[in-house]
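Trainee: Got a minute to go through a structure with me? I'd like to know what to look at first.

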Amino acid sequence: MRKNLLLICLLSASGSAIAADAVLVIRGAGSRAEAPHGKGNVYGADIVRHGDNILMYYGGQGRDGHDRIHLATSQDLQSWTPVGVVFASEGINHVNDPSVVIVQDKFYMYYTRARAGMNDTIGLATSTDGRKWTDHRSVLWPREKPAWDSLLVGRPSVIHDGKQFQMWFDGRADLPLGAPDAHTPQSATSQRYVGYAESTDGVQWKRNPDYVFANDAGGVHISRVNEQYIMLIESRDGTKCATSNNGISWRDRGVLVAKDNRTSPYGHVTPFLFSSANEHILYFGAAQSEQWDQNSIMRQPVNLPADVTEK
């Protein structure tokens, strides 16, 4: 698990407590979700409705250090039943950060894949039932130097607007100084960027040459609420957010939900927004370790900026 590599450059900061109604959803347990330290590491929730079922895909780090994609099901968004691992690409160390969309009854799962180290690419798997997956391997790769995404691309967030697929993703050209991967370029000015790409078939992607958001943002989730785009951003302060009218030009809105010094003392990992009618629920990895390698998935209702929710 490489959260500590991606986030070395982030500084810890104190924040006000999150609301008291934040509750635990899933804690990592068992050989495929308890992590090498045995305390559990699950995060990266992504939720879709399919018929009468609500499906949550999420990443879990096993006792062997490998990341795999798990599934949990629910009828009410409150009580979740873990099913176990549903996708793990053969021979790949890092398989995580799922983003699932259903288009014409076909499931498309975009995910981060890396055989070893920090050579992240964005992969695709497809399914007809959301449980058995066909791996199509990588569909988006880092570009050549000196591009801002020349080292890695990963952690996709994908939606389908009825005509095309839209993807936002993490991009990096290098790692911060001192990152524990001696085989990758490092820089004192290293940071993450959010990139954007479009596709008509979900396989061939046209990438925007410039990043669409900086601020060392990563682990984002994008959704549409009342025709506006809202971006949730992981951070050591909690969940941050930005808003946009077109998905390209973004307005930074700061911290949306602050960390809690008891349940998430080191911040929020890979937040996800589930919207239904007038209710908006935040799911996030509650970080219990400075290295971001000990997370549990929590949920809580959240109030979005008024100009987003007002029609």
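Mentor: Sure, let's go through confidence, strands, cores and the pocket.

Trainee: How confident is the predictor in this chain, going by mean pLDDT?

Mentor: This is a predicted model, and its mean pLDDT is 92, with 93% of the residues reaching 70 or more. The exception to keep in mind is residues 4-19, where the pLDDT is below 50. That stretch still has 49 contacts in the model beyond near neighbours in sequence.

Trainee: What should I make of low pLDDT in general?

Mentor: Where pLDDT is low, don't read the predicted coordinates in detail.

Trainee: OK, strands. Is strand 3 enclosed or open?

Mentor: Strand 3 covers residues 53-61, and eight of its nine residues are buried, so the rest of the structure largely encloses it.

Trainee: Which way does strand 3 pair with strand 2?

Mentor: Antiparallel, over seven bridges, with strand 2 spanning residues 42-50. Asp 46 sits opposite Tyr 57 of strand 3. The hairpin between these strands has two residues in the link, and Gly 51 takes a positive phi near 65° there.

Trainee: And how many bridges join strand 3 to strand 4?

Mentor: Eight, again running antiparallel, with strand 4 at residues 67-74. Gly 59 has Ile 69 in strand 4 as its bridge partner. Five residues separate the strands in that hairpin, and Gly 65 has a positive phi near 90°.

Trainee: Switching topic: which residues have the most contacts inside the largest nonpolar core?

Mentor: That core has 18 residues, and the best-connected ones are Tyr 110, Ile 122, Phe 165, Met 167, Phe 169 and Trp 205. Several strands give two or more residues to this core, including strand 7 (106-114), strand 8 (121-127) and strand 11 (165-172). Strand 11 gives the most, with three.

Trainee: What does Met 167 touch?

Mentor: Leaving out residues up to four places away in sequence, its contacts include Tyr 110, Ile 122, Leu 140, Pro 156, Val 158, Tyr 196 and Trp 205. Apart from this core lies another one of 17 residues, among them Trp 80, Phe 272, Ile 281 and Ile 297.

Trainee: Last one, the largest pocket. What volume does it have, and which residues lie nearest its centre?

Mentor: The volume is about 550 Å³. Of the 21 lining residues, Ile 47, Val 48, Ile 159, Ser 223 and Phe 272 lie nearest the centre.

Trainee: Which strand gives the most to that lining?

Mentor: Strand 16, with five residues. Strand 2, strand 6, strand 10 and strand 20 (268-276) are among those that each supply at least two.

Methods
Residues numbered from 1 in each chain as written. Predicted model: local features only at pLDDT ≥ 70, side-chain atom pairs only at ≥ 80, totals over all residues. Heavy atoms only, no water. Core = buried A, V, L, I, M, F, W, Y, C linked by side-chain atoms within 4.5 Å. Buried < 20%, exposed > 50% of the residue type's maximum accessible area, 1.4 Å probe, protein only. Helix = DSSP H or I, 4+ residues; strand = E, 2+ residues; numbered from the N terminus. Contact = heavy atoms within 4.5 Å. Pairing = 2+ DSSP bridges. pLDDT = per-residue confidence, 0-100. 1 Å grid on protein atoms, 1.4 Å probe; cavity = no way out; pocket = protein on both sides within 12 Å on 5 of 7 lines; lining within 4 Å. Points joined across faces, edges and corners; volume = space filled by probe spheres on them.
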